[in-house]
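Reader: I'd like to learn how to read this fold. Can we start from a single residue and work outward?

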Amino acid sequence: MRLHLRRTIQNGEPVRLEGSVPIEHSIQGRTDVISASPVQADLTAVPSLDGTVGVSGTLKGQLDMVCSRCLEPAHIGLNLQFEERFKKRAEDEADLEDDEDMILADDDVFELTPYLEEYVTLGVPNTPLCKEDCKGLCQTCGTNLNETACGCDNTVIDPRLAGLKDFFK
């Protein structure tokens, strides 16, 4: 997905950008991702008087992942907000300070895909859940506690008092 900085600034009107963002780099090496559909970007580029272009909008997609508690499939909907500002770098302009929230472009035509992929990478959950109240697996027998309850005693005993556990038997 490309943004034409000079053309957008000269028009002076918002430009709508729509397209698909590849997700392969964002989920590369993730063993908990079963499948993923391409993320759809719906963005608007708004020029400002200071020569910058603000790009904002949403990134939407679907992921099938493994639940981090019960290991069942989890259907995750991505709905990410994208917001960045871009400016064409002047010939004598150095890199901006770290506190500046702007991305400098060397050319008039700017590729947005790496920045969109970064937002997707950060938006993929690290601990996906099949449902909010997922009970997970029993730590003793491995039974899925969402389906059935097991009779295992999973009482947590303070290790400092573990020696007193069998005292009254």
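Reader: Which residues is L59 in contact with, leaving aside its neighbours within four places in sequence?

Author: This is a predicted model. Contact here means heavy atoms within 4.5 Å. On that basis, L59 touches V21, V39, Q40, A41, L78, N79, L80, F82, L116, Y119 and V120.

Reader: How many residues are in the largest nonpolar core, and which have the most contacts inside it?

Author: General idea first. In soluble globular proteins, nonpolar side chains tend to be buried together. In this model, the largest nonpolar core holds 32 residues. L3, V55, L59 and L112 have the most contacts inside it. Two or more residues each come from strand 2 (15-21), strand 4 (39-47), strand 5 (52-66), strand 6 (73-88), strand 7 (103-105) and helix 2 (113-123). Strand 6 gives the largest share, six residues.

Reader: What order do the elements run in, from the N terminus on?

Author: Read β as strand and α as helix. The order is β-α-β-β-β-β-β-β-β-α. That comes to two helices and eight strands. The radius of gyration is 25 Å, well over the 15 Å that the globule rule gives for 169 residues, so the protein is more spread out than a compact globule. The C-alpha atoms fill a box of roughly 85 × 35 × 25 Å along the principal axes.

Reader: What share of the residues counts as buried?

Author: Buried means under 20% relative accessible area. Of the 169 residues, 29% meet that. The protein exposes about 11,300 Å², with 48% supplied by carbon and sulfur atoms.

Reader: And the charges: how far apart are their mean positions?

Author: Compare the two centres. The mean positions of the 16 positive and 31 negative charges lie 6 Å apart.

Note on methods: Residues are numbered from 1 along each chain as its sequence is written. This is a predicted model: local features need pLDDT of at least 70, side-chain atom pairs count only at pLDDT 80 or more; totals for chains, interfaces and linings use all residues. Side-chain values use heavy atoms; hydrogens and water are left out. Helices (H or I, at least four residues) and strands (E, at least two) are DSSP runs, numbered from the N terminus. The radius of gyration is taken over C-alpha atoms; the globule rule is 2.2 Å times the number of residues to the power 0.38. Buried means under 20% relative accessible area, exposed over 50%, partly exposed in between (1.4 Å probe, protein chains only). Accessible areas come from the Shrake-Rupley method with a 1.4 Å probe; for residues, only the protein chains shown count as cover. Lys and Arg count as positive and Asp and Glu as negative; His and the chain ends are not counted. The place of a charge is taken as NZ of Lys, CZ of Arg, CG of Asp or CD of Glu. A nonpolar core is a set of buried Ala, Val, Leu, Ile, Met, Phe, Trp, Tyr and Cys residues joined through side-chain atoms within 4.5 Å.
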